[in-house]
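This report describes how the helices of one chain pack against each other and where selected residues sit. The sequence and structure come first.

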Amino acid sequence: QQLGNDHPDVATSLNNLANLYVDQGKYAAAEPLYEESLRIRKQQLGNDHPAVADSLNNLANLYKDQGKYAAAEPLYEESLRIRKQQLGNDHPDVATSLNNLANLYVDQGKYAA
């Protein structure tokens with residue numbers, strides 16, 4: 001109430017609650033929270049902010065965990081693009097994005113991707 005519904009800190013709280021739900025296996029409860037967190041971050045911080053990349057990555061992880069590979073892949077790719085652009089190719093978050101995308105390909109048997 002003090003910060004307003006679209007404050008970036010609200011997005012962080014939504015993201016953290018979604019993480020908790022994922023840890024509990026409550027994927028259906030987590031998804032709308034990740035989506036709302038992503039919406040707020042894009043609106044308040046801009047499409048290319050590193051926090052947006054974090055939200056994209058978390059939503060992609062959720063989809064991957066559910067076997068929704070086609071939904072996860074473009075989110076991982078967009079997260080990677082943002083992180084490279086904003087943080088540089090040698091940043092640890094870029095390595096995380098590359099690793100997540102590689103794991104997605106492995107899960108699908110796409111070893112030559």
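## Packing of H2 and H3

In this predicted model, the axes of H2 and H3 come within 9 Å and cross at roughly 160 degrees. An angle over 145 degrees counts as roughly antiparallel, so H2 is roughly antiparallel to H3. The crossing in which H2 passes H3 is left-handed.

On the H2 side, the contact is formed by Tyr27, Ala30, Glu31, Tyr34, Glu35, Ser37, Leu38, Arg41, Lys42 and Leu45. On the H3 side, their partners are Ala51, Val52, Asp54, Ser55, Leu56, Asn58, Leu59, Leu62, Tyr63 and Asp65. By class, the residues of this contact of H2 with H3 are 11 nonpolar, three polar and six charged.

Ala51, one of the H3 residues that meet H2, has a relative accessibility of 13% and therefore counts as buried. Apart from its neighbours within four places in sequence, Ala51 is in contact with Arg41 and Leu45. Both Arg41 and Leu45 are listed among the H2 residues that meet H3. From Ala51 to Asn5, the C-alpha separation is 17 Å, with the two positions 46 residues apart in sequence numbering.

## Packing of H1 and H2

H1 and H2 pack with their axes 8 Å apart, at an angle of about 160 degrees. H1 is therefore roughly antiparallel to H2. The crossing of these two helices is left-handed.

H1 contributes Pro8, Val10, Ala11, Thr12, Leu14, Asn15, Leu17, Ala18, Asn19, Tyr21 and Val22 to the contact. H2 contributes Tyr27, Ala29, Ala30, Leu33, Tyr34, Glu36, Ser37, Ile40, Arg41, Gln44 and Leu45. The contact of H1 with H2 comprises 15 nonpolar, five polar and two charged residues.

His7 is located in the segment before H1. Its relative accessibility is 25%, so His7 counts as partly exposed. His7 and Ile40 are 33 residues apart along the chain, and their C-alpha atoms are separated by 7.2 Å. Ile40 is one of the H2 residues that meet H1.

## The largest nonpolar core

Which residues touch the most other members of the largest nonpolar core? They are Tyr34 and Leu59, in a core of 25 residues. Two or more residues of this core come from each of helix H1 (8-23), helix H2 (27-45), helix H3 (50-65), helix H4 (69-87) and H5. H3 gives the most, with seven residues. In soluble globular proteins, nonpolar side chains tend to be buried together.

Tyr34 appears in the contact of H1 with H2 and also in the contact of H2 with H3. Beyond its neighbours within four places in sequence, Tyr34 is in contact with Asn15, Ala18, Asn19, Val22, Asn58, Leu59 and Leu62. Among these, Asn15, Ala18, Asn19 and Val22 are H1 residues that meet H2, while Asn58, Leu59 and Leu62 are H3 residues that meet H2. Leu59 thus appears as a contact of Tyr34 as well as being named with Tyr34 for touching the most other core members.

## Packing of H4 and H5

The axes of H4 and H5 cross at roughly 160 degrees and come within 9 Å. This makes H4 roughly antiparallel to H5. H4 passes H5 in a left-handed crossing.

The H4 residues in the contact are Tyr69, Ala72, Glu73, Tyr76, Glu77, Ser79, Leu80, Arg83, Lys84 and Leu87. Those of H5 are Asp93, Val94, Thr96, Ser97, Leu98, Asn100, Leu101, Leu104, Tyr105 and Asp107. Sorted by class, the contact of H4 with H5 holds 10 nonpolar, four polar and six charged residues.

## Two alanines in H4 and H5

Is Ala70 buried or exposed? Ala70, in helix H4, has a relative accessibility of 70% and so counts as exposed. The C-alpha atoms of Ala70 and Leu104 are 9.8 Å apart, and the two residues are 34 positions apart along the chain. Leu104 is one of the H5 residues in the contact with H4.

Ala95 is found in helix H5, which spans residues 92-107. With 44% relative accessibility, Ala95 counts as partly exposed. Ala95 and Val106 are 11 residues apart along the chain, with 16 Å between their C-alpha atoms.

Note on methods: Residues numbered from 1 in each chain as written. Predicted model: local features only at pLDDT ≥ 70, side-chain atom pairs only at ≥ 80, totals over all residues. Heavy atoms only, no water. Helix = DSSP H or I, 4+ residues; strand = E, 2+ residues; numbered from the N terminus. Buried < 20%, exposed > 50% of the residue type's maximum accessible area, 1.4 Å probe, protein only. Core = buried A, V, L, I, M, F, W, Y, C linked by side-chain atoms within 4.5 Å. Contact = heavy atoms within 4.5 Å. Axes fitted to C-alpha atoms, helices over the stretch in contact; angles between N-to-C directions. Parallel < 35°, antiparallel > 145°, perpendicular 65-115°, else oblique. Left-handed = near helix turned anticlockwise from the far one by under 90°. Nonpolar A, V, L, I, M, F, W, Y, C, P; charged D, E, K, R; others polar.
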